[in-house]
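Student: Please take a close look at the salt bridges here. Which side chains pair up, and are they buried or exposed?

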Amino acid sequence: MQENRAVFLDRDGTINVDKGYLYKPEDIKYLPGVLDALKFLQDMGYLLIVVTNQSGIARGYYTEEQYLELQDWINSDLRSKGIFLTKTYYCPHLEGAKICKYDIKCDCRKPKTGLYWKAVTEFNISLKDSFVIGDKERDLSLVEDSDVKGILLGSAKSDKYKSCNNWQEVINYIRDSKNE
């Protein structure tokens with residue numbers, strides 16, 4: 001069975017502007033260059049897989065249904081632009097949560113890697129040929145457990161991961177990595 005290549009993406013701060021506990025479609029604002037970058041990655045044959053912490057559910061800021069409605073809206077909006085997210089995995093858990101059913105010590109809340117491994121299994125992903133992109137180091141924790149390449153997007157700098165200021169730098173790095 002052929003292995004797939006993937007780009008694992010955090011959502012808030014990576015795909016869209018992080019406005020804190022986002023759950024309304026009218027509050028979505030995509031980061032500059034992200035739409036062209038996602039289309040480019042998709043055209044290169046990468047699966048686009050979102051892995052996101054959504055502790056706002058556990059905190060009672062919005063419901064799981066509201067989160068899912070927003071994710072459906074994002075999927076539909078991106079599809080209208082020719083971009084197809086392969087799948088979105090989310091963690092609604094938080095230890096000490098206000099909403100009891102989400103007060104769980106789980107293996108899916110980043111920096112834990114449970115959701116990444118679920119995606120790897122579900123889509124037969126070759127990690128050595130894949131990337132993980134996020135705006136916080138916790139988004140890149142899969143790098144510690146595998147040979148996936150990590151990209152820290154935005155103003156944060158790291159000695160452990162490739163730091164890119166914007167989506168154009170991300171694309172240049174991935175293009176250069178593919179040509180090595």
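Tutor: Start with Asp77, which counts as buried at 16% relative accessibility. Buried means under 20% relative accessible area, exposed means over 50%, and partly exposed lies in between, using a 1.4 Å probe and protein chains only. Its partner Lys81 counts as partly exposed, at 37%. The two form a salt bridge, with the closest N and O atoms 3.0 Å apart. That term means a side-chain nitrogen of Lys or Arg within 4 Å of a carboxyl oxygen of Asp or Glu. By this rule there are ten salt bridges.

This is a predicted model, where local features need pLDDT of at least 70, side-chain atom pairs count only at pLDDT 80 or more, and totals for chains, interfaces and linings use all residues. Residues are numbered from 1 along each chain as its sequence is written, and side-chain values use heavy atoms, without hydrogens and water.

Now Asp10. Asp10 pairs with Lys110, at 2.9 Å between the closest N and O atoms. Asp10 sits in the loop between strand E1 (6-9) and helix H1 (34-43), and Lys110 in the loop between strand E3 (87-91) and helix H4 (114-123), so the pair ties together parts 100 residues apart in sequence. Helices (H or I, at least four residues) and strands (E, at least two) are DSSP runs, numbered from the N terminus. Asp10 is buried, at 7%. Lys110 is buried too, at 3%.

Last, Lys39 bridges to Asp43, with 3.2 Å between the closest N and O atoms. Both lie in helix H1, four residues apart, about one turn of the helix. Lys39 is partly exposed at 32%, and Asp43 is exposed at 55%.
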